[in-house]
Amino acid sequence: MNQNTLSDLVALGEGFTTEFKRSGASGLGREICAFANATGGMILLGVADDGEVLGIDNHNRLKSEVQSIARSAEPPIAVEIESTGQVLCVRVPVQQGKPYSFGGKFFIREGASSQQMSREQIREFFYREGVIHFDETTCRKFSLETDLDEANWNVFRHRAKVPETMAPEMALRNLHLIGEDGRMTYAGAWLLARDIRKFNVSAHVSCGLFMGTDKVRILDRRDFHGDVYSMIDETMGWILSKINVEYIIQELRREERPELPEQALREAVVNALAHRDYRSTANVQVYLFADRLEIVSPGGLPAGITEAELGTRSVPRNPLLFGMLHRMDAVEHIGSGIRRIRDLCREHGVSEPVFEATEHWVVVTFKRPNAGATHQVGTKSAPSRHQVGTKSGTVRIAPLLPAREDNHRIDAGGW
């Protein structure tokens, strides 16, 4: 760091990534730990809180002391130390071994100060950083005596390829769906649920078909709330019943070709349910507009992956659930879901979807081809399909939508 860069940093004052200390190493372990648990930062030794540069003596001795403090954290924290004039600059890079503690306590950077984390903050931090996976923890609401019956066990057994002769509890233990405490994990509860909302009130999927390109008028609304595997199938069935389908008839053979690639849509639905944050009070939402399909999953990206890395790395938020879905053939290729979605869209001749991630949401948007097409609205009877055009042996059809006398409105924030 040169003198001009240091002057600019001091002029900006203390903040989320900058801390001033007048002298010595007192309290330095707390600051280093807090930066390590956040996004890194810079500690300037020899600068007063008001930005006055006071300088410090004996840089070599202090450098050794700072290194010793950083190494005494659990786990040790890597720091970079350099002298710029009279100021000793301690840089804490972005760390990969979170969470860090110092003196048996956990600290986090909040605004322009470092705070000790409470028990709940530590717990949340561990979940957010992927140290603890919620799907592997005990679901105390699930009773092996009342919630595991012959009907849902037989469905699960068939999907999970469990031998008929193996007892349910033994199979579930071997699959790690029953923990060491003898209780069902959340992953097991979600896969064996008759109604998943019993174990997570917002774990269901809400689907909505809207007229036009906004949420002003809803034409159809469905909620699915069985087990995770069933919700994937039911959500896919709903989407395919609402989008346009092309019938291609060649030599007495008929091929159905949805306007968007079915396997790509399924991958997106699986990702939304497998990687969502089940601790969130929001649910997975599917919005179908005249020009696009949006699949919205709560929780943002899992720890350890950035938006730029989508499609190149796989970091499951719920590894036990994801592994079981792979065993059940709901997931075909681990680690290639987003890349596969993009490839399938290109092969289908439609635009690649747009992936957007915030702290709390991941949104996948598929652009619908022929977005300007107008659909006829049917009667109150059950939805059917109608011909909308023909061309050299090809019949293009679209679903009829049930008429609605009311004018339902949904605000832009959700259901």
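Glu-352 and Arg-346 join their side chains in a salt bridge, 2.6 Å from N to O. The term requires a side-chain nitrogen of Lys or Arg within 4 Å of a carboxyl oxygen of Asp or Glu. The model is predicted: local features need pLDDT of at least 70, side-chain atom pairs count only at pLDDT 80 or more, and totals for chains, interfaces and linings use all residues. Residues are numbered from 1 along each chain as its sequence is written, and side-chain values use heavy atoms, with hydrogens and water left out.

**Salt bridges**

Glu-352 is partly exposed, with a relative accessible area of 35%. Arg-346 is partly exposed too, at 47%. Here buried means under 20% relative accessible area, exposed over 50%, and partly exposed in between (1.4 Å probe, protein chains only). Elsewhere, salt bridges with shared partners tie Asp-147, Asp-149, Arg-194 and Lys-198 into one network.

The structure holds 21 salt bridges. One of them pairs Lys-242 with Asp-220. This pair links distant parts of the chain, 22 residues apart: Lys-242 sits in helix 8 (residues 228-242) and Asp-220 in strand 9 (residues 218-224). Helices (H or I, at least four residues) and strands (E, at least two) are DSSP runs, numbered from the N terminus. Lys-242 is buried at 8%, and Asp-220 is buried at 13%. Glu-294 and Arg-292 form another bridge. Glu-294 is buried at 15%, as is Arg-292 at 18%.

| Salt bridge | Closest N to O distance |
|---|---|
| Lys-242 and Asp-220 | 3.3 Å |
| Glu-294 and Arg-292 | 2.7 Å |
| Glu-352 and Arg-346 | 2.6 Å |

**Helix 9**

Helix 9 covers residues 262-274. Its 13 residues should span 18 Å at 1.5 Å a residue, and the end C-alpha atoms are 18 Å apart, so the two values agree. The expected span is 1.5 Å times one less than the number of residues. Of the 13 residues, 11 are buried, so the helix is largely enclosed by the rest of the structure. The buried residues include Arg-266, Glu-267 and Asn-271. Among them are also Leu-265, Val-269, Val-270 and Leu-273.

**Cys-89**

Cys-89 lies in strand 4 (residues 87-92). At 2% relative accessibility, Cys-89 counts as buried. Its contacts, defined as heavy atoms within 4.5 Å, are listed here without neighbours within four places in sequence. They are Met-1, Leu-6, Met-42, Ile-43, Leu-44, Glu-80, Ile-81, Glu-82 and Thr-84. Met-42 is 47 residues from Cys-89 along the chain, yet their C-alpha atoms are separated by 6.9 Å.
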